[in-house]
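Please work through the exercises below with the sequence and the structure open beside you, and try each task before you read its solution.

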Number of protein chains: 2
Amino acid sequence: MARVKLQDVAKLAGVSVTTVSRVLNNRGYLSKQTINKVHQAMEELNYRPNAVARQLYKQRTDLVGLVFPTVNNPFFGQLEAELETRLYELGYRVVMGNSQNNPGKEEQYLQLLFNGQIDGLIVGAHNEGIEAYHNTNLPIVSIERIVSKQIPVVAADNYQGGCLATQRLLDAGCQHIIHTNYPATLATPNQERRRGYEELMTKYGREKLTYEISFDLPDDQKAAVFDRLFAEHPECDGIFADNDTNARLAINAAQKAGKRVPEDVKVIGYDGASSTRLLFPDLTTIQQPIPEMAQAAVDLLQKRLAGQAVESVTLPVKLIPGLTG
Amino acid sequence: MARVKLQDVAKLAGVSVTTVSRVLNNRGYLSKQTINKVHQAMEELNYRPNAVARQLYKQRTDLVGLVFPTVNNPFFGQLEAELETRLYELGYRVVMGNSQNNPGKEEQYLQLLFNGQIDGLIVGAHNEGIEAYHNTNLPIVSIERIVSKQIPVVAADNYQGGCLATQRLLDAGCQHIIHTNYPATLATPNQERRRGYEELMTKYGREKLTYEISFDLPDDQKAAVFDRLFAEHPECDGIFADNDTNARLAINAAQKAGKRVPEDVKVIGYDGASSTRLLFPDLTTIQQPIPEMAQAAVDLLQKRLAGQAVESVTLPVKLIPGLTG
DNA sequence: TACTTTGTGTCAACCGCATGACATACAAGA
DNA sequence: TCTTGTATGTCATGCGGTTGACACAAAGTA
């Protein structure tokens with residue numbers, strides 16, 4: 001059973017292929033009668049226009065790639081869901097790529113763009129030194145990652161977030177606040193959180209200390225970092241974690257070390273994704289405006305696809321008070 | 001700057017288009033010299049073969065659709081991440097569709113299959129009455145959902161899960177155990193959990209009661225159901241929730257109603273996804289073997305794509321003891 | 001009547017690549 | 001010398017749909 005094609009429809013309807021195509025694309029002059037005949041024939045044959053053939057001619061696939069470390073994470077999960085919803089409504093379908101633990105993968109997804117297999121790309125992955133990004137006018141938008149000068153970034157106000165969290169811990173009387181973040185070598189707006197933290201610590205005359213935890217580490221190794229943290233710094237009475245799952249690990253480690261949260265150690269997380277809020281509502285955290293970030297990224301991508309110049313966007317964050325810090 | 005195509009490469013390399021195609025696809029006889037010439041020309045022009053043109057000829061896109069309610073959920077997030085990882089290694093890219101709160105969407109994604117835009121589909125969405133599923137030999141696999149007789153299902157052993165959870169609550173001395181599940185009208189293997197619960201309750205001479213909670217409900221409305229539950233049944237001392245987020249909501253509602261967990265009410269959840277375990281490690285839950293389920297689904301889909309007949313698969317679940325029940 | 005609008009057909013080219021058929025040329029081996 | 005293998009080229013066709021150019025006829029309008 002070979003695929004039904006335009007020809008078959010045309011033959012059954014007793015019209016020319018061109019006419020069927022006209023009906024399909026609503027071009028030129030058409031009588032109600034032929035329109036009906038054609039529709040009837042399409043129905044009878046259960047005709048579906050071949051999308052790939054159309055894509056070849058149109059030079060667009062209406063597919064957008066999303067490349068993030070992993071969708072199995074409250075923040076990226078929510079972000080990608082929000083992105084998909086919005087892109088769907090604009091007529092785009094979404095190709096999902098999880099680049100975590102596979103350095104080549106991000107570049108592979110980038111190739112889809114050069115292949116013509118996708119029209120645009122939204123990236124939040126953080127593999128460094130991918131040459132192909134350094135091209136002007138690529139229809140790419142990044143979220144919370146700096147990939148190249150030519151690519152606009154959507155970010156929440158990380159500096160503000162760093163200040164909010166640190167200030168709250170200071171106000172609560174914490175003397176020895178430790179921060180966790182990505183390795184400083186990684187170019188991400190995330191580092192601004194660290195800057196906020198460090199500036200405030202300096203201003204208050206406190207010693208600043210950041211433990212670096214790579215995002216791609218397996219959970220048990222991340223947990224080990226926190227165990228080490230409390231072993232090396234038993235005086236620590238405040239933790240500003242760079243994301244909510246790390247905050248959770250910090251709390252686990254603190255309790256394991258015989259400390260009460262928040263009495264002995266206060267912990268503040270980061271992200272405030274919906275499923276984290278649901279599962280761990282007591283966590284004090286800095287919430288990123290995930291729906292707005294998704295919207296901004298989609299807006300930028302649309303403009304980019306239309307060939308317009310765009311600027312990076314920064315959105316405000318919000319402190320959500322909880323019981324942990 | 002029009003796209004570089006085969007012709008351009010051929011011209012620069014001083015060979016015929018056919019020869020370039022031969023190099024690209026490694027067909028026929030080729031001298032090292034021409035291979036080098038061609039590669040050099042491709043490099044110089046930064047040539048990328050057009051994927052869509054290839055797809056049109058090959059009649060395949062190496063794209064697989066994933067349609068689930070939402071990726072913004074610990075269970076589906078992990079599942080889709082596992083699926084993507086495995087499919088990627090087989091050379092497939094993944095199109096993600098979140099069908100929650102949009103009944104037409106699932107069918108739209110199904111159309112991609114008939115369009116020729118994707119080669120196969122893995123579905124876990126639960127919109128009912130989609131005609132197009134009732135077609136034989138479609139390259140579709142479903143996970144934890146019954147969509148039609150012809151489509152193989154990958155499921156965890158829900159009956160076993162229902163029994164494990166109920167038995168644990170009974171053993172702990174609970175007298176009034178309430179279960180939550182999807183509406184009974186929804187055809188999903190999920191209903192087997194209910195069967196396990198009900199059979200055991202009957203066997204022990206207890207009254208069985210299931211509160212029906214649609215998955216698509218917003219969280220606050222789900223929470224309201226649990227508030228109602230404790231209002232209507234203050235005697236309730238055990239909850240077997242059909243997923244972990246509902247378990248969390250049950251715990252919240254219980255505490256709001258002045259009950260201690262687990263002293264007054266014991267709560268057991270379902271799913272045991274990795275991020276849930278991380279954020280809420282104290283929750284007692286029935287864990288589904290998500291990686292194995294993903295693997296099974298991919299295996300089935302591969303066979304299906306190869307035109308082989310396949311059988312549904314059921315995998316065992318595991319009780320993870322925690323502090324809540 | 002002459003002109004315009006409407007409705008449909010034919011034909012060809014194109015989107016970019018793959019491939020089969022066939023021809024040609026040169027080398028090595030029987 | 002005749003075959004066989006190696007190395008390319010030309011040509012045409014197909015994948016399925018879109019589009020422009022052009023022709024032609026019928027109906028409406030000036």
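**Exercise 1. A buried acidic residue**

Task: In this predicted model, find out which side chain of opposite charge is nearest to A:D237 and how far away it is, and then describe what surrounds A:D237.

Solution, step by step:
- Begin with the place of A:D237 in the chain, which is the loop between helix 9 (219-232) and strand 8 (238-240) of chain A.
- Next, look for a charged partner: A:D237 is buried, and the nearest side chain of opposite charge, that of A:R206, is 7.2 Å away. A salt bridge requires a side-chain nitrogen within 4 Å of a carboxyl oxygen, so A:D237 has no salt bridge.
- Then turn to the backbone, where the side chain of A:D237 reaches the nitrogen of A:H176 at 2.7 Å.
- Finally, leaving out residues up to four places away in sequence, list what A:D237 touches: A:G173, A:C174, A:Q175, A:H176 and A:I177, together with A:D264, A:V265 and A:K266.

**Exercise 2. The protein around DNA strand D**

Task: Determine which residues come nearest to DNA strand D, and which helix gives the largest share of the surface near this strand.

Solution, step by step:
- Of the 28 residues around DNA strand D, those that come nearest are A:Y47 and A:R54 from chain A, and B:T19, B:S31 and B:Q59 from chain B.
- Helix 2 (17-25) and helix 4 (51-58) of chain A, and likewise helix 2 (17-25) and helix 4 (51-58) of chain B, each supply at least two residues of this surface; the largest share, five residues, comes from helix 2 of chain A.
- Sorted by class, the surface near DNA strand D has 11 nonpolar, 11 polar and six charged residues.
- On the DNA side, 70% of the atoms of strand D within 4 Å of the protein belong to sugar or phosphate, while the rest belong to bases.
- Phosphate oxygens of DNA strand D also meet the protein backbone: one is 2.8 Å from a polar backbone atom of A:L6, one is 3.5 Å from a polar backbone atom of B:L30, and one lies 2.5 Å from a backbone N or O atom of B:S31.

**Exercise 3. The protein around DNA strand C**

Task: Work out how many residues surround DNA strand C, and which side chain has an N or O atom 2.7 Å from one of its phosphate oxygens.

Solution, step by step:
- DNA strand C is surrounded by 27 residues, and the closest are A:T19, A:S31, A:T34, B:Y47 and B:Y57. Of the atoms of DNA strand C that come within 4 Å of the protein, sugar and phosphate account for 72%.
- Helix 2 and helix 4 of chain A, with helix 2 and helix 4 of chain B, each supply at least two residues of the surface near DNA strand C, which by class has 11 nonpolar, 11 polar and five charged residues.
- The side chain at 2.7 Å is that of B:R54; a phosphate oxygen is also 3.4 Å from a side-chain N or O atom of B:S21, and a polar side-chain atom of B:K5 lies 3.4 Å from a phosphate oxygen.

**Exercise 4. A histidine in a loop**

Task: Decide whether B:H126 is buried or exposed.

Solution, step by step:
- Locate B:H126 in the loop between strand 3 (120-123) and strand 4 (140-143) of chain B.
- The relative accessible area of B:H126 is 15%, and buried means under 20%, so B:H126 is buried.
- Beyond its neighbours within four places in sequence, B:H126 is in contact with B:P69, B:E106, B:R145, B:L186, B:F215 and B:D216.

Definitions and conventions
Residues numbered from 1 in each chain as written. Chains lettered and ligands numbered in written order. Predicted model: local features only at pLDDT ≥ 70, side-chain atom pairs only at ≥ 80, totals over all residues. Heavy atoms only, no water. Helix = DSSP H or I, 4+ residues; strand = E, 2+ residues; numbered from the N terminus. Buried < 20%, exposed > 50% of the residue type's maximum accessible area, 1.4 Å probe, protein only. Lys, Arg positive; Asp, Glu negative; His and termini not counted. Polar contact = N/O pair within 3.5 Å; in protein donor to acceptor, adjacent residues only side chain to side chain. Contact = heavy atoms within 4.5 Å. Near = heavy atom within 4 Å. Nonpolar A, V, L, I, M, F, W, Y, C, P; charged D, E, K, R; others polar.
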